[in-house]
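Student: Could you take one part of this structure and go through it closely? Please start from that part and follow its contacts outward, with cut-offs for the terms you use.

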Amino acid sequence: MPVPLIDLGRQHEPLMNEIRDAFERIVKNSAFILGEEVERFEQALARYAGTKYAIGVTSGTDALLMALMALDIGPGDEVITSPFTFFATAGSISRVGAKPVFIDINPRTYNLQWEMIEGAITEKTKAIMPVHLFGLSAQMDKITEIAEKHGLKVIEDAAQALGARFGDKMVGSMGDVGCYSFYPTKNLAAMGDAGALVTNDGELACRLRCIRVHGMDRADHFPEVGGNFRLDAFKAAVLALKLPHLDTYCTQRRAHADRYGQQLEALPIGTPFEAETRYHVYNQYTVRVHGGAREPLGHHLSACGIGNRVYYSIPLHLQPCYQHLGQGRGSLPNAEEAADEVLSIPVFPEMTHDEQEKVIAAIREFGQAE
Ligand SMILES: Cc1ncc(COP(=O)(O)O)c(C=O)c1O
């Protein structure tokens, strides 16, 4: 029996009646885009995130792009961010014409090394974009403190981390604006692409809602150029019916992570950073394999039928499209080392005890053969 990296079928099975009801309701009233279904989801999401406003959009990538647009970040501006993340983080900065300034990561948390932020600030810096990678919050107290001191905006890339907290605060709710992704591999998984922004700033929320519909503030009136970033009703309806289960999904992921932590402790592989003050929601369970053993371990797991994947094998400052920034190999060593050594293994909520046993046994077997 193979163990997949994720199996959404198992999550949807018990929800099938509700999903069918939502589908029939939306087909009957033919309101396919935005409207009541989206508003209902937005209200529930804002409550969950602990923010005043939530804006449902087409994807996490578009949420980041819209956040930058709404904060007037563009050509000539710099945004400090992580090189060890999904491409969309930096890609969105480039797409508004601004420059991503990559600083190194903390090798234990894989998040921005906040101590390096101040050294990267110039008169062009407009914002900091921390990423809560793999479901673990970045050091938000320090990041918001630095931003405040220097008059910078904070755009949280919380694409992977809805449900995670720093202290008692939800990721996404601590900066000026937070961005979530509901891509199907995320903890709250849509049926297709979807995303959202959250904020406590009423003016910003209003502007984001205009940007979502091409920049239109009232019928046929366009104070600025936006785009088509509208969320579909069916996707919103499914997200709304799954949101009440998100805490359970996260608890299940955390239970798997606990077990991995105990069972893998004796092996020479690194397990994720844990801290009581940072509620980790394990969008990925990412181990660290030193000494060039990452590829062989990945192959071994694949041979045993166990899903595994490297997130991310090339840090963003080394991507061909960012060579012009001049941050060459060796400039961000923690990110580069992480890219050579990380491996993500199954941690999806519905994974059974037997399946996890199989993963653990395969890793142990590899450890003994090494
Ligand atoms: C850290 C990070 N940022 C941004 C995104 C973009 O989200 P989406 O795929 O919904 O566009 C993702 C997810 O894929 C992500 O993991």
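Tutor: What follows is an account of helix α4, the ligand beside which it contributes residues, and some further sites.

The model is predicted: local features need pLDDT of at least 70, side-chain atom pairs count only at pLDDT 80 or more, and totals for chains, interfaces and linings use all residues. Residues are numbered from 1 along each chain as its sequence is written, and side-chain values use heavy atoms, with hydrogens and water left out.

Helix α4 spans residues 60–70. Helices here are DSSP runs of H or I with at least four residues, strands are runs of E with at least two, and both are numbered from the N terminus. The helix is mostly covered, with 10 of its 11 residues buried. Buried stands for under 20% relative accessible area, exposed for over 50%, and partly exposed for the range in between, using a 1.4 Å probe and protein chains only. The buried residues of α4 include Gly 60, Asp 62, Ala 63, Leu 64 and Leu 65; Met 66, Ala 67, Leu 68, Met 69 and Ala 70 are buried as well.

At the N-terminal end, α4 is capped by Ser 59, which places a side-chain oxygen 3.4 Å from the backbone nitrogen of Thr 61. A polar contact is a pair of N or O atoms within 3.5 Å; within protein, one atom must be able to donate a hydrogen and the other to accept it, and residues adjacent in sequence count only if both atoms are side-chain atoms. Just after the helix comes Asp 72, in the loop between α4 and β2 (78–81). Asp 72 is not a glycine, yet its phi is positive, at about 60°. With 52% relative accessibility, Asp 72 counts as exposed.

The ligand is surrounded by 17 residues, and the closest are Gly 60, Thr 61, Asp 157, Ser 181 and Lys 186. To be near the ligand, a residue must have a heavy atom within 4 Å of it. Helix α4 gives the most to this shell, with 3 residues; α4 and α5 (88–95) each supply at least two. By type, the shell divides into 8 nonpolar, 7 polar and 2 charged residues. In this scheme Ala, Val, Leu, Ile, Met, Phe, Trp, Tyr, Cys and Pro count as nonpolar, Asp, Glu, Lys and Arg as charged, and the others, Gly among them, as polar.

Polar side-chain atoms approach oxygen atoms of the ligand at several residues. Thr 61 does so at 2.4 Å, and Lys 186 at 3.0 Å. For Gln 160, an N or O atom of the side chain is 2.8 Å from a ligand oxygen. The protein covers 94% of the 390 Å² of accessible area that the ligand has on its own; such areas come from the Shrake-Rupley method with a 1.4 Å probe, and for residues only the protein chains shown count as cover.

The ligand sits in the largest pocket. A pocket is found on a 1 Å grid over the protein atoms alone, as an open set of points with protein on both sides within 12 Å along at least five of seven lines, whereas a cavity is a set of points where a 1.4 Å probe fits but cannot get out; lining residues have an atom within 4 Å of a point. To sit in one, a molecule needs more than half of its atoms within 2 Å of the grid points.

Gln 160 belongs to the loop between β5 (153–157) and β6 (165–166). Gln 160 is buried, at a relative accessible area of 9%. Besides the ligand contact, the Gln 160 side chain reaches the backbone nitrogen of Phe 134 at 2.6 Å.

Another site is related to α4 through Asp 62. Arg 212, in helix α8 (residues 202–212), has its C-alpha atom 9.3 Å from that of Asp 62, although 150 residues separate them along the chain. Arg 212 is buried, with 7% relative accessible area, and its side chain reaches the backbone oxygen of Gly 56 at 2.8 Å.

Asp 72 can be set beside Tyr 282, which also is not a glycine and has a positive phi, near 45°. Tyr 282 lies in the loop between β11 (278–279) and β12 (285–289). At 1% relative accessible area, Tyr 282 is buried, whereas Asp 72 is exposed.
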